[in-house]
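Me: Please take a close look at one part of this protein and walk me through how it is put together, explaining the terms as you go. I am new to the structure, so a careful, connected account would suit me best.

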Amino acid sequence: MKKLLLGIAGCVAYIFSFSQTAQLSGYVKDASTGETLIGASVVQYESNAAVLTNEYGFYSFQVPSGDVEVTVSYVGYQTTKETVTISGDTQYSIELTPDALALESVEVVYDEGSRKLETAEMSSHTLDAQTIKSIPAVLGEVDLVKSIQLLPGVTNNGEGSNGFNVRGGSEDQNLVLLDEAIIYNSAHVLGFFSVFNNDAIKDVKLYKGGIPPKFGGRVSSVLDVRQKDGNDKRLGVSGGLGIISSRLLVEGPIQKERSSFLVAGRTTYLDPFLEIVDNPNRINFYDLNAKASFELNENNELFLSGYFGNDRFKLAELFENSYGNETANLRWNHVYSNDVFSNLSLVYSKYRYNLDFAALDFEWDSGINNLNMKYDVQYFAGNNLDLNIGLSAIGYEFNPGEIRPTTEDSSINFERLDQKLALEGGLYASANQQVSPKLSAEYGVRYSNFFRFGGQPISTYANSPVLFDPLTEVYRSADPTGEEVFDESDVIRDFHNFEPRVALSYKATDNTAIKASFNRMAQYIHLISNTTTPTPLDVWAPSGPFFEPQLTNQFAAGVFHAIEDSPYTVELEGYYKTTDNRVDYIDGADLIGNNNIEQVTLVGEMESYGAELLVQKTDGDLTGWLSYTLARAQQRTPGGTAGGPGINNGEWYLTNFDRTHDLSVTGLYEFNDKWQFSSTFVFQTGRPVTYPNAQYSFQDVAVANFAPRNSNRLTPYHRLDMAAILTPRKNADKKLKGEWVFGVYNAYNRKNANSITFAENFDTNENEATRLAIFGIVPSATYNFKF
């Protein structure tokens with residue numbers, strides 16, 4: 001009996017020893033640069049434990065005690081297996097060596113098959129700088145924003161347009177972040193290039209739906225762009241010389257393997273060419289990215305980053321336009337324990353825009369400043385559960401406009417529109433849970449609030465700021481009946497919203513996942529525009545006495561399938577999205593210099609729905625993807641308290657960003673170790689517009705009558721782009737490595753209509769339509785170097 005009891009006790013002790021677990025955590029980094037890797041896979045197969053590194057490159061999970069083998073992988077890097085001795089909670093950072101073959105290939109490095117099969121994440125896409133670099137670009141300038149427009153559900157308003165549109169949303173409904181700082185205008189050179197320097201970018205993630213509760217303030221999408229931290233191993237220099245612009249990046253250690261710096265700049269040199277051909281116009285831009293990173297100890301890291309950009313466009317001696325973004329971010333990463341990670345950020349963002357009308361002797365200044373404090377904590381509660389909590393506070397200062405005379409003889413008087421102050425707060429909690437081997441869930445809630453402060457008089461009206469005139473059947477501005485004066489400390493209006501988010505994924509087979517999600521989001525600032533794409537004269541307005549926050553509900557469902565024993569994956573999603581309190585302008589609205597913008601706007605609702613298809617090939621010499629979207633985006637704006645039928649007689653009308661069909665095909669081909677080729681084809685239904693459908697004569701003056709709003713369309717948009725990358729074989733033995741990138745934008749010279757205008761030809765007295773096309777065929781050549 002004694003021997004039996006001792007045997008049982010021994011077995012229990014043996015089993016108990018295997019049940020002991022500890023927390024293993026650390027960072028996954030690039031062995032050659034020290035850069036943290038976002039989304040790297042860390043797996044311990046014996047215990048069936050797996051985790052992905054977070055947006056700061058940190059991982060944490062529970063593993064058995066003793067000697068355990070950990071497998072770490074990341075696309076473009078050699079998979080590493082390391083044995084770690086676990087006797088208690090352990091911090092262990094892992095470095096991956098770049099795969100030389102992967103660095104020279106053009107495989108689709110944003111392959112997300114494993115993650116989309118195993119997690120509840122949906123309606124999102126990740127892009128790597130190498131993929132973006134391989135895609136043909138206009139004038140040879142690599143463009144992040146143009147690259148994401150090749151994904152399903154993402155469009156723009158044509159060549160020369162700012163920003164991008166996601167699932168029928170407008171540009172201002174996208175939250176664009178650069179190292180957590182808000183970017184209000186993501187375009188350079190009137191929309192031809194984006195503000196993101198690809199050389200300085202580490203990771204790009206676009207959320208179209210299933211948006212985590214940590215993000216708030218916009219109702220359409222989140223574009224989360226992360227800058228490189230800088231090489232803490234050695235000094236490096238890279239750059240490129242193009243036809244119209246050049247760029248240079250310098251990075252290196254401040255203290256080797258403990259701290260680093262990065263400085264990257266771009267600029268154009270179009271002006272000298274314009275001078276040579278005696279062209280009076282001027283156009284240029286510059287931007288500067290800077291970052292310093294410090295590892296204080298194994299539990300604390302400090303980062304300081306900034307972005308500074310400016311654009312200048314001068315049309316002869318008529319006017320000059322300049323605008324730009326400025327950001328700064330001080331960030332502290334702290335590891336409380338092996339299973340608790342935190343990030344504290346203090347972020348400053350500024351967007352400024354200026355117009356100097358030399359012909360009229362005045363200039364116009366506008367802008368937005370905001371200061372944002374955010375704190376996020378991630379608790380790795382177990383291998384099947386991560387918990388996230390956080391809070392944020394954003395202080396806004398809106399400068400709607402300031403008009404100043406530029407000469408003593410100017411007939412323009414100085415005027416400053418009312419400045420506006422506001423505070424936006426947020427508090428969230430969320431969980432990422434593996435409920436069962438087949439069911440995973442991401443769920444949480446965000447509580448947001450918004451306080452509109454005083455400091456300026458608020459007009460009062462007898463009924464509504466907008467009135468409907470039944471005689472002329474048009475809307476006009478109402479006359480204020482008085483004013484209410486508020487101190488800066490007074491709260492004029494406050495708003496509070498709960499924003500639940502949930503995403504579910506059921507793994508039906510080893511290769512198929514069925515997914516669904518729901519998002520509710522609130523947006524407290526509005527971009528009011530009567531153009532098809534944002535301009536410096538558009539008006540940013542906070543919610544307040546006259547504007548309620550935009551509220552969006554989005555439902556999405558889909559299926560992800562990885563074809564067995566094949567490099568192909570297929571992703572199909574459908575969505576339905578509604579937005580309340582969408583502001584639109586009345587016919588004939590004057591937004592410039594308007595101190596009472598509520599007098600020319602009405603409030604309505606938006607609705608968009610569609611289906612998205614993404615087919616990818618992620619392995620082999622030929623890789624790429626096909627993206628197709630079938631969608632509808634429309635708006636309805638009734639008269640409300642103003643009376644009357646509303647805009648377009650209160651009927652639904654297409655938004656400016658509606659695209660029935662949107663098809664893009666991207667191919668990347670590795671011919672050999674010297675030549676790589678890429679090509680993209682894009683087809684889109686033409687943008688909705690409003691054309692005149694009749695005219696009548698009044699006192700010998702021809703007056704046009706217009707069709708219902710956005711009931712017409714421009715001609716369909718399509719183009720073919722091609723590029724070739726030449727990497728000399730002798731690069732392998734040289735410190736200075738170079739490559740040539742040759743490209744052709746719009747290869748078959750399609751004259752895509754940017755706009756169509758109608759006017760009378762005074763020679764023939766006939767009405768004529770004039771089509772404006774910005775680009776025909778555009779060849780380019782760029783030399784990239786690195787040492």
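**A hairpin and its sheet**

Reply: Strands β5 and β6 pair in an antiparallel fashion, with 7 bridges between them. Here a strand is a DSSP run of E with at least two residues, numbered from the N terminus, and two strands count as paired if DSSP finds at least two bridges between them. The model is a predicted one, in which local features need pLDDT of at least 70 and side-chain atom pairs count only at pLDDT 80 or more, while totals for chains, interfaces and linings use all residues. Residues are numbered from 1 along each chain as its sequence is written, and side-chain values use heavy atoms, with hydrogens and water left out.

β5 and β6 make up a hairpin with 6 residues between them, and in its turn glycine 76 has a positive phi of about 95 degrees. Within this pairing, threonine 71 has lysine 81 in β6 as its bridge partner. Threonine 71 of β5 is also the bridge partner of valine 43, which leads to strand β2 (residues 41–44), joined to β5 (residues 66–73) by 3 bridges in the antiparallel sense. Valine 42, in turn, stands opposite valine 72 of β5.

These pairings belong to an open sheet of 4 strands, with antiparallel pairing and the order β3-β2-β5-β6. At its edges lie β3 (49–52) and β6 (80–86), each of which pairs on one side only. On average, neighbouring strands of this sheet are turned by 25 degrees against each other, direction ignored; the strand axes are lines fitted to C-alpha atoms, and angles in general run from 0 to 180 degrees between N-to-C directions.

Another hairpin can be set beside this one. Strand β51 (residues 755–761) is joined to β52 by 7 bridges, and the two run antiparallel. In the hairpin they form, 4 residues lie between the strands, and asparagine 765 takes a positive phi near 60 degrees. Alanine 759 has glutamate 768 in β52 as its bridge partner, and glutamate 766 has its place in β52 (residues 766–772). Glu766 and Glu768 join Glu760 and Asp763 in a negative surface patch.

A patch here is built from residues with over 30% relative accessible area and no salt bridge, like charges being joined within 9 Å. Accessible areas come from the Shrake-Rupley method with a 1.4 Å probe, and for residues only the protein chains shown count as cover. A salt bridge is a side-chain nitrogen of Lys or Arg within 4 Å of a carboxyl oxygen of Asp or Glu. Asp and Glu count as negative, with the charge placed at CG of Asp or CD of Glu.

How values were computed. Patches are made of residues with over 30% relative accessible area and no salt bridge: like charges are joined within 9 Å, nonpolar side chains (Val, Leu, Ile, Met, Phe, Trp, Tyr) within 5 Å.
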